[in-house]
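Welcome to a few short exercises. Have the model open beside you and work through each task before reading its solution.

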Amino acid sequence: MKNKLLIIGASGHGKVVADIALKMNRWQSIAFLDDNKGIEKSMGLEVIGTSDDVFTHIDEYEIFVGIGNNTTRQRIYEMLETFGASIPVLIHPNAIIGSLVDIGIGTAVMAGAIVNCCSKIGRGCIINTGSTIDHDNCIEDFVHISPGVHLAGTVKVGLGSWLGIGSVVSNNITITNGCKVGAGSVVVKDITEPGVYVGVPVRRV
Ligand SMILES: CC(C)(COP(=O)(O)OP(=O)(O)OC[C@H]1O[C@@H](n2cnc3c(N)ncnc32)[C@H](O)[C@@H]1OP(=O)(O)O)[C@@H](O)C(=O)NCCC(=O)NCCS
């Protein structure tokens, strides 16, 4: 474990990630990389270079990707893993994690989120503010569960899918890879084709 943390991405999502890291009180120093050269500081923390500079710091820092877009986050994490980066898990001290929950590297669990027992969360996921993931869920890699989403028991969400703010998924439902579920939408049947789904209950658009 290294005592320095580098966060790639210093804007909205990166700031929330930094806030969690500060509250975890585990790193002596935290800094950002961001491709916008106009940003010198964010959350009071220094931006020490662009994402291309990550290799200069890979031995000294643990590295976390603070980028909300699932595809971009996946691409950067896969590159970082190839180069042997140390990638932590970030869990806000006010998140609740049940027994026998497994959370993959590079995942952030935000304030007020609840992950109930026996659920598995993959690598590089975002479990956003105040979302609830009930028992025996399986959330695959690079999924974003937005703020206020509620997943009932035994839900499965496939690789890279994004559940929009306030959406709800009923129990025993499977959502396949590469889906977007709209804000406030409700999923009551399996989604087997990648696509954009909205409404109550969801329809494909
Ligand atoms: C689902 C979503 C991704 C679709 O975006 P899009 O592909 O740009 O689609 P459009 O805005 O062109 O909408 C397509 C149709 O779906 C409807 N629609 C879009 N989002 C909807 C929603 N959440 N609920 C109901 N209908 C919705 C639109 O009204 C439109 O209908 P129409 O063709 O009858 O006019 C987006 O609307 C959404 O809900 N994003 C979630 C945002 C979010 O959760 N942010 C939090 C981040 S932390």
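Is L100 buried or exposed? L100 counts as exposed, because its relative accessibility is 72%; buried means under 20% relative accessible area, exposed over 50%, partly exposed in between (1.4 Å probe, protein chains only).

A note before we go on: this is a predicted model, in which local features need pLDDT of at least 70 and side-chain atom pairs count only at pLDDT 80 or more, while totals for chains, interfaces and linings use all residues. Residues are numbered from 1 along each chain as its sequence is written, and side-chain values use heavy atoms, with hydrogens and water left out.

**Exercise: backbone angles**

Examine phi of L100 and D136, then the peptide bond from V200 to P201.

Solution.
1. Keep the background in mind: most residues other than glycine have a negative phi, and most peptide bonds are trans.
2. Phi of L100 is positive, near 60 degrees.
3. D136, which is not a glycine either, has a positive phi of about 60 degrees. At 36% relative accessibility, D136 counts as partly exposed.
4. The bond from V200 to P201 is cis, with omega near -10 degrees.

**Exercise: the ligand**

Find the polar backbone atoms that approach the ligand at I165 and A183.

Solution.
1. At I165, a backbone N or O atom lies 2.6 Å from a ligand oxygen atom.
2. At A183, a polar backbone atom is 2.8 Å from a ligand nitrogen atom.
3. Now take the cover: of the 920 Å² of accessible area that the ligand has on its own, the protein covers 44% (Shrake-Rupley method, 1.4 Å probe).

Conventions
Polar contact = N/O pair within 3.5 Å; in protein donor to acceptor, adjacent residues only side chain to side chain.
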